[in-house]
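Biologist: I'm new to this structure and would love some help reading it. Could we go through it together, one feature at a time?

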Amino acid sequence: MSRAIWMCLSVSFALGMWQAIVTLTGVPHFILPSPMRVAQALVYSRELIAEHAIITFAEVLSGLVIGAVLGAVTALYLMVSATARRLIMPILVFTQAVPVFALAPVLTLWFGYGIWSKVVVTVLIIYFPVASTFLDGLMRTSSGYLDLAQVMRAKPSQTLLRIRIPSALPSFGSGLKLAAVYAPIGAVIGEWVGASGGLGYLMLLANGRAKIDLMFAALITLAVFTIALHAVVSKIEAYIVRWKGESV
Amino acid sequence: MRISGSFKIDEDWLFRDIDLTLHPAGWTCLLGPSGVGKTTLLRLLAGLETYGKFEGTIITDDGQPVVGRAAYMAQQDLLMPWLDVLGNVTLGARLRGEKADMARARELIVRVGLDQHIHKHPSELSGGMRQRAALARTLMEDCPFVFLDEPFSALDARTRAEMQELAFELLSYQNVLLVTHDPGEAARVGHKIVILDEAGLQDFPISCAEPLRPSDAANSFKLQTQLLSALRVVPT
């Protein structure tokens, strides 16, 4: 059977389980709505959800692009400068020990209630995975390639451009795929802490008014977006490293 | 080209007081068991990192340094998987920031028999074809010194014999140092054969004809047997 059919079966199975739990336990709809109610909420509130979804998507995409670029530039800089590596790496690792959730209120204070505080949270969440996986790839260039480059009297800039960076692209791709999954988390954290729009904001609002079906509808919208984003980034990654065929 | 001296890693001598003069125009085969420093010797000559301390001298016949006049080929083909055959063959010039001579690259690719595969990536080629591409890249460098570190040892017997012939034919004007642990290979291609083992470095006298020696000829088979016997003597 094809993947698409399995996918449909899997989704149907999950929905069936959900419906079964609701039916069997008789739980009230304001605690756990049935899939049908959530679908109704999705259709009924589609304009409201779309309006907030666009805000969140914009935050996620800007955060992803900015974070990936900053992460890649940082990795390149740390690769080139051993001093910077010794000086900055410990700081980077330390910042990873600080939960972004705890920083979010301060970021809202600094960057306001608008889109930028959420973009900053997203950037902070994905910056490190991108920078560290790319740096790892850059530092692990096969010593044989570097020997060859040395015998060929390569210029260091050309070695970086033509050997180190291409051979680190698979690592960069892995970091990017990780970032695609983390980025929506960042945006939603930002929205929970303080926002006037976005799916996270909508979820909080719906929850507060016991509109659990609407909350689930927003949640599913976010999940589908995350999966789609991951799929797109995976396609981009596969294109970047298309030379990586099966070895004969 | 001559190297003489000793080499140690930390406080342990890898080899002491060796003295090797490469055959002035031809193939010198450095034969020996694993772990005695064959590759280190080659890396010293090629100017590569050796992670140890060399006490001695390396002199070339014209007194000019080797650096910048050497080409290198290893057991791994070291082809960049993101470049096609043509891109790999012209890599050296690009790394130096020079413009590659595409016509010459294409000609060399034809000479190693890869003209049908010029735009293929390494993942689409067999091990033998990849080593052919690496040979074309080595030839493209057009250097008087060529350092070969067991370049054929990962190939199957037939492909290896073909590669030895092709490499010998195409690298006939260079000063070649071939590091190998295969007596048969040394017996086929060596103008000069030296054995490096725990006791040090010895020239191995060759009484039969000049290479390329056919692998099925009686005297090259005899040379191979003699080399194997010499290798099997464990110094006390």
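Modeller: Happily! Let's begin with helix length: the expected span of a helix is 1.5 Å times one less than its number of residues. Keep in mind that this is a predicted model.

Biologist: What span should the 23 residues of helix α1 of chain A have?

Modeller: For α1(A), residues 3–25, the expected span is 33 Å, and the end C-alpha atoms are 33 Å apart, which agrees. After α1(A) comes Gly26(A), with a positive phi near 65°.

Biologist: Does α1(A) lie in the open, or is it buried?

Modeller: The number of buried residues in α1(A) is zero out of 23, so this helix lies largely in the open.

Biologist: Now the sheet. In what order do the three strands of chain B come?

Modeller: As a general idea, strands of a sheet pair through backbone hydrogen bonds, either parallel or antiparallel. Here the order is β2-β1-β4 in chain B, an open sheet with antiparallel pairing. β2 (12–21) and β4 (53–59) of chain B are at the edges with a single partner strand each, so one side of each has no neighbour in the sheet. From one strand to the next, the twist averages 5°.

Biologist: How many bridges join β1(B) to β2(B)?

Modeller: Seven bridges join β1(B), residues 2–9, to β2(B). Phe7(B), for example, has Phe15(B) in β2(B) as its bridge partner. Helix α1 of chain B (residues 38–46) packs on the sheet, touching β1, β2 and β4 of chain B.

Biologist: And how many residues of chain B are in contact with chain A?

Modeller: There are 23 from chain B, in contact with 22 residues of chain A. By class, that side of chain B has 12 nonpolar, seven polar and four charged residues.

Definitions and conventions: Residues numbered from 1 in each chain as written. Chains lettered and ligands numbered in written order. Predicted model: local features only at pLDDT ≥ 70, side-chain atom pairs only at ≥ 80, totals over all residues. Helix = DSSP H or I, 4+ residues; strand = E, 2+ residues; numbered from the N terminus. Buried ≥ 20, exposed ≤ 12 C-beta atoms within 10 Å, placed from the backbone. Contact = placed C-beta atoms within 7 Å. Nonpolar A, V, L, I, M, F, W, Y, C, P; charged D, E, K, R; others polar. Pairing = 2+ DSSP bridges. Axes fitted to C-alpha atoms, helices over the stretch in contact; angles between N-to-C directions.
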